[in-house]
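These are my notebook entries on a two-part look-up: single residues and elements, then the contact between chains. I list the entries in the order in which I consulted the structure.

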Amino acid sequence: MANYLILCTALLLLISACQTNGGSNSFNPHTGTEGVSMKFSTDSVPKEIHEKENLHLIVDMENKGASDITQGQLYIQVEEELFEAVQSEETFSLYGKSAAVQKGERNQYTFSLQSKPLPPQVEVITSLIRVMSCYPYTTTYSEEVCIDTDPQKKRIGEQNCQAKDISSSGQGAPLNVKKVEVEMNPHENGEYIKPTFIITIENDGKGIILNKDSYTLACTQQDISSIDLNTVYVSKAMLSNNYPLTCKPQRGDLSEGYVKLVDDEFIMRCSYEGGIPATTPPFNAPLILTFEYGYSTSMTKSILIKKELFND
Amino acid sequence: MANPNSWWKRLFTKSKDFLRDDYEQTRADMRYLRETNVRDAASDAAHSLKDITYRAQERLRNTQINEGYNSVRDMHLAEEGAMRHFRALREVGSQFQEKGIGRKVGASAAAGVVAGSAALGAGKFALWSGPKKLFSIGSKTVKGSFALWLFIAILIHLFDWQTGFSRLFDVGVPYALVFHLFVAFIIWISLFDFSDRQALMTTFSIAIFAYFFPFLRSIPFVDQFDLLITFLNPMIHPIWVYYVLLLFREQKSSARVIWGAIIFFWVSYFLLIVLMNNPQLGSQTITNRDYIDLFQLGADWTSGITTFATDFYKNSWKGFTGVINQSVYQATGGDFYYNGQIDRNAKEKIGVYIEDVKAASPEYFNDEPVSVFSTIKAQTLDEPIMMDVSCYTYNPKTVKTSSSTTSQTRIKGILTPREEYTVLSQDEEDAECFFESLEKGRQMVGFKADFNFQTQAYYKTYFMDINRLRTYKKENIQILREFGITDSDPTAIYTNGPIMIGMRIKEPPIGIGTYDLGELENSYTIDKISLRITIDNSWDGKVTGIQELAIMIPKGIVMDHNDDGTAYCSGFLFNEGNCGNLNLGERCDDNLNNIYLLQIPTESTGESTTTTQPDSDASLEGQESHTLDETKDVTPTVDISIDKYRSISCPLIIEDADLVLMNAPLSAKFFKTLIKYTYSLEKEIALTIKDAAIITAQEDGKEAGVYLSEQELKKIIFDETKDITYYSSNPIAVPSKLTIEKELNQAIYDQTKAYNINTMFVKAMLSYHNWNPVPPSPYQGIMQIHPDVLSEFSVTCAEGYEKENAQNIACGTQLLRQIANYLEASSIPVTRTIILAVYRSGLHAIDQSENCASQRKFTCTNDGYSSTNTYTQEVVRRHV
């Protein structure tokens with residue numbers, strides 16, 4: 001019996017690991033948790049080269065998210081004892097997915113390197129080449145929520161909708177609005193209700209979130225402070241276009257609208273302070289959230305540099 | 001005593017009745033259980049009952065009367081087992097009855113547990129009562145679907161593989177460990193009895209092992225063995241699959257087959273790798289080499305295995321002691337030891353090696369020359385190796401007090417083909433060492449190579465601005481992982497050779513720069529780090545001097561120095577230098593490194609060229625004098641020997657953090673150590689020298705008309721492989737006659753090949769007269785040919801054969817062939833002694849003796865052929 005239970009569990013796990021695309025016909029660009037995908041072009045990166053050999057390293061970049069990028073920075077960092085880079089920095093702009101364009105822009109960037117002579121008696125050395133990208137990005141969230149003005153169900157026959165929590169697996173950006181819990185709280189004025197949304201955001205990408213105003217810092221030696229890391233600017237929090245939301249907590253060391261992720265996660269509470277008359281029939285309205293931030297990812301590649309033997 | 005057969009029959013009948021009764025009773029229990037909706041429990045109980053019944057009946061069927069008391073005893077136990085489980089079922093039934101239908105849920109669960117237990121117990125019982133081939137971990141057996149568990153084990157391995165065998169502690173939780181413990185728990189509850197503590201311990205131990213297995217490759221000494229690195233790859237070791245195979249191997253033949261295949265694979269793999277890495281090991285059986293006899297073959301095998309085992313032991317021990325040194329010394333606050341490793345990608349075997357030290361003969365006598373061979377190999381990548389090679393034995397008149405015998409006791413041998421080598425890239429030479437004779441007894445003969453060498457080590461570490469470092473840590477960002485760096489604990493990499501260099505700086509990333517304290521007034525600069533270096537002699541030889549020791553550190557970092565510019569590392573004085581001092585050409589860049597050179601005292605005065613070393617301990621004890629070590633290199637050396645190891649600590653100052661960081665968030669920097677030194681390497685072989693006065697007449701006994709074997713024939717005929725192998729060598733030649741031998745080698749080889757006579761046989765004949773005719777004599781030329789014997793066999797030689805060596809050899813070899821042909825045609829044993837006797841004195845010498853029964857004339861002392869007899873014995877003895 002236990003065996004079959006285990007088998008069933010394993011199968012369930014396997015099945016649950018598979019993702020399906022649903023049946024919608026319209027393309028939704030706001031899916032997934034990837035921003036810019038970066039990889040070395042396989043043809044351009046040999047596993048090993050000889051000393052004093054030229055190498056043209058091609059980096060494939062693709063914007064797999066739903067935000068356009070301008071003024072992204074791409075840096076290559078080599079070990080100066082082993083490689084010399086002709087140029088080490090590139091600027092990139094890549095448009096993202098949209099309803100009209102189902103695939104984000106893809107581009108290649110080439111860095112020219114030359115390996116240096118190896119130290120005496122050293123036959124081989126493994127060198128690590130690192131490429132870093134720093135770019136601004138935006139997460140846009142828009143989901144219908146039910147504003148249940150009669151949470152106590154006192155009115156009969158007016159139940160158009162019922163407030164319920166929403167989970168999401170990504171909005172086409174590394175910062176993911178993972179969960180929205182909807183609460184209809186009583187307002188100070190007893191005739192109103194205060195829609196409140198407990199919003200969980202988290203970094204589901206493989207990089208670091210940065211302050212949008214200083215996103216290049218992660219790629220350079222410049223001073224970087226705590227307020228530059230894991231800091232997200234909530235540029236828009238609206239219920240429909242009529243009800244601006246006020247989000248808390250607001251940290252004292254950050255400017256208004258900025259929130260900070262702790263361990264790649266942050267839970268904020270956004271509510272419409274003005275309140276909605278309780279007499280209004282329950283209705284559906286889009287919850288619109290926009291987060292602006294910088295993002296930084298890096299990748300490395302090991303290359304074996306070999307000495308030209310018996311060349312004396 | 002009662003008749004066992006009738007007793008068994010009664011017991012059989014009784015058991016059948018008992019089983020039938022209990023079967024009925026259990027069916028009643030099942031009915032009750034069904035009525036109380038405990039279907040699962042009932043089902044399990046039914047399976048249990050069927051199983052018990054089936055096994056018991058099978059046991060009864062299979063039990064033969066002549067099995068006697070053992071079977072009867074087994075039956076007793078079978079009855080008891082069955083009764084125990086039936087009682088358990090009845091108990092369950094009665095409990096349910098008491099608790100009533102309203103508690104059916106709880107009862108159901110309880111029944112499930114008990115029934116499951118009963119089922120497992122029944123399984124155990126059934127197997128126990130069957131053939132006693134129980135496996136398992138401990139003495140337990142398991143019950144379950146082998147295919148299912150194998151599939152699950154493979155899935156588990158694939159999952160672990162998919163994570164890259166990650167053992168990271170994400171947010172402080174070792175997820176992988178939890179996962180493996182969970183797997184162990186599932187296996188335990190599914191396959192074993194709850195009360196089985198041994199199975200519990202074993203299964204959870206497997207989980208712990210599966211978790212820690214990927215760490216094995218990180219053990220320092222393991223890094224030194226490519227074989228181990230490959231073998232310990234977690235990807236190729238599905239630990240849980242192994243465990244499942246072991247669990248089911250007694251029950252499933254397929255498990256045994258797979259397990260056997262795995263074992264076979266690994267054994268084959270190891271043999272293959274060992275042979276690839278140690279081609280000398282056992283090569284005697286697979287290469288075309290000349291082996292004098294079984295003794296030599298055995299000696300070579302022993303030598304190969306010993307060498308391999310010794311190397312393996314030494315390397316392993318080196319690794320272990322490295323770890324122990326480091327931990328113990330650090331724990332006791334004493335000196336430090338830092339490990340390094342050879343780059344596992346490096347394939348070239350740079351350095352100097354003395355290999356295949358081997359005697360030319362399995363035994364020697366004290367009145368004959370001794371010859372020992374070896375192969376000297378040297379390889380370098382950059383700096384040429386200047387090497388002096390010599391060979392020696394020990395003067396038996398001095399006492400060897402310890403393994404480190406002083407060189408005053410040594411006697412130098414004659415080394416060919418040369419003693420001095422200049423190796424630009426790689427060189428290999430077969431060397432021979434000659435001694436005119438050695439004293440009887442066990443004598444050591446050794447080869448010694450003195451050479452200059454250089455070893456380079458580098459240590460890569462990472463620097464980060466201190467403020468950034470603190471910020472990242474504050475934000476719980478795992479810095480190295482974020483930057484794609486997996487080597488969080490760098491190890492120095494050193495080039496192959498006699499010296500190991502280990503280096504260490506604090507754990508990366510190293511924060512440098514001025515720490516911004518914000519509102520506090522006093523900011524401070526992190527500008528001091530310490531570079532620690534260990535230099536260890538990792539070979540068996542001795543470091544006889546250090547010519548140069550350079551430490552290269554990145555620009556922006558300097559050694560902490562005095563006002564006069566001098567810097568000290570653990571008492572050793574260093575001066576600032578540049579690439580020009582190192583003479584490394586393009587392989588050294590002053591723009592990247594600050595270079596510091598160990599101050600070298602001049603050899604002529606023994607004083608330092610500038611400042612003497614202030615630390616008396618800097619000159620290490622243990623250096624031995626070597627009278628044979630006449631170092632021709634006049635380059636000054638530091639008079640230290642590194643018998644064990646030496647660790648130094650160099651205080652460094654970050655002078656320019658921006659230069660170090662290079663406008664990068666994380667900067668990789670190399671610290672390098674270069675040592676140029678002289679090294680002395682030795683390798684010895686033990687020889688057994690016999691007393692020549694005791695010469696047995698062994699060959700005579702074999703010769704007396706009855707000894708003729710293929711082995712003996714092979715000794716006479718030309719052997720292409722053997723004779724080419726020893727083409728340029730001689731078995732017994734007196735060193736003073738070497739020139740003659742070398743001159744005649746070609747002629748001997750050509751003629752022996754032409755007449756199908758063994759080359760070494762002819763050489764043995766030539767050596768009898770030290771490669772010279774013995775005047776006055778009827779014997780002619782270097783081959784000592786008797787004209788009467790020539791006539792007897794109608795051999796016609798070229799004119800002048802009496803004086804011309806080449807013609808004489810041609811003539812003598814032709815005569816030997818004629819004699820051998822005659823003997824064969826006449827059905828006379830074709831042995832070396834008979835051929836030699838005829839060669840020396842004609843056919844009369846091998847006639848039957850009238851004075852000595854069953855002997856030929858030349859072996860009988862009373863027939864006037866004593867010189868011939870001596871000649872045959874001596875030549876045969878010299879013929880290896």
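**Entry 1: A:Tyr109**

I began with A:Tyr109, which counts as buried at 8% relative accessibility; buried means under 20% relative accessible area, exposed over 50%, and partly exposed in between (1.4 Å probe, protein chains only). The model is predicted, so I note that local features need pLDDT of at least 70 and side-chain atom pairs count only at pLDDT 80 or more, while totals for chains, interfaces and linings use all residues. Residues are numbered from 1 along each chain as its sequence is written, chains are lettered from A and ligands numbered from 1 in the order in which they are written, and side-chain values use heavy atoms, with hydrogens and water left out.

I located A:Tyr109 in strand β7 (residues 106-115) of chain A. Helices (H or I, at least four residues) and strands (E, at least two) are DSSP runs, numbered from the N terminus. I then listed the contacts of A:Tyr109, contact meaning heavy atoms within 4.5 Å. Leaving aside neighbours within four places in sequence, the partners of A:Tyr109 include A:Leu57, A:Met61, A:Leu74 and A:Phe92. The C-alpha atoms of A:Tyr109 and A:Leu57 are 8.1 Å apart, with their positions 52 residues apart in sequence.

I also found a polar contact of 3.5 Å between the side chains of A:Tyr109 and A:Asn107. A polar contact is a pair of N or O atoms within 3.5 Å; within protein, one must be able to donate a hydrogen and the other to accept it, and residues adjacent in sequence count only if both atoms are side-chain atoms.

**Entry 2: A:Ser133 and chain A**

I looked up A:Ser133 next, and found it in strand β8 (residues 124-147) of chain A. A:Ser133 is buried, with a relative accessible area of 0%. Not counting residues up to four places away in sequence, A:Ser133 touches nine residues' worth of entries that I abbreviate here; among them are A:Met38, A:Met61, A:Leu74, A:Phe92 and A:Cys219. A:Ser133 and A:Leu74 lie 59 residues apart along the chain, yet their C-alpha atoms are separated by 4.5 Å.

For chain A as a whole, I recorded one helix and 19 strands. Of its 312 residues, 50% count as buried. Among contacts in chain A between residues at least 6 apart in sequence, 75% join residues at least 24 apart.

**Entry 3: helix α23 of chain B**

I asked how many residues of helix α23 (residues 832-841) of chain B are buried. The count is nine of the ten, so the helix is largely enclosed by the rest of the structure. The buried residues include B:Arg832, B:Ile835, B:Tyr839 and B:Arg840. Just after α23(B), B:Gly842 takes a positive phi of about 90°.

**Entry 4: salt bridges**

I searched the whole structure and obtained 23 salt bridges over all chains, a salt bridge being a side-chain nitrogen of Lys or Arg within 4 Å of a carboxyl oxygen of Asp or Glu.

B:Lys676 forms a salt bridge with B:Glu383, the closest N and O atoms being 3.5 Å apart. B:Lys676 lies in strand β24 of chain B and B:Glu383 in the loop between β6 (370-379) and β7 (385-394), so the pair ties together parts that are 293 residues apart in sequence. B:Lys676 is buried at 8% relative accessible area, whereas B:Glu383 is partly exposed at 24%.

B:Glu355 and B:Lys349 meet at 2.9 Å, N to O. I noted that B:Lys349, B:Glu355 and B:Lys377 are linked in a network of salt bridges.

**Entry 5: chain B against chain A**

I closed with the interface, where 61 residues of chain B are in contact with 52 residues of chain A. The area buried between them is about 4900 Å², of which carbon and sulfur atoms give 54%; buried area is the accessible area (1.4 Å probe) that two parts lose on being put together, summed over both.

I counted five salt bridges between the two chains, including that of B:Lys460 with A:Glu79 (2.7 Å, N to O). The rule finds 22 residue pairs in polar contact across the interface, both at pLDDT 80 or more. The largest share of the side of chain B that touches chain A, seven residues, comes from β12(B).
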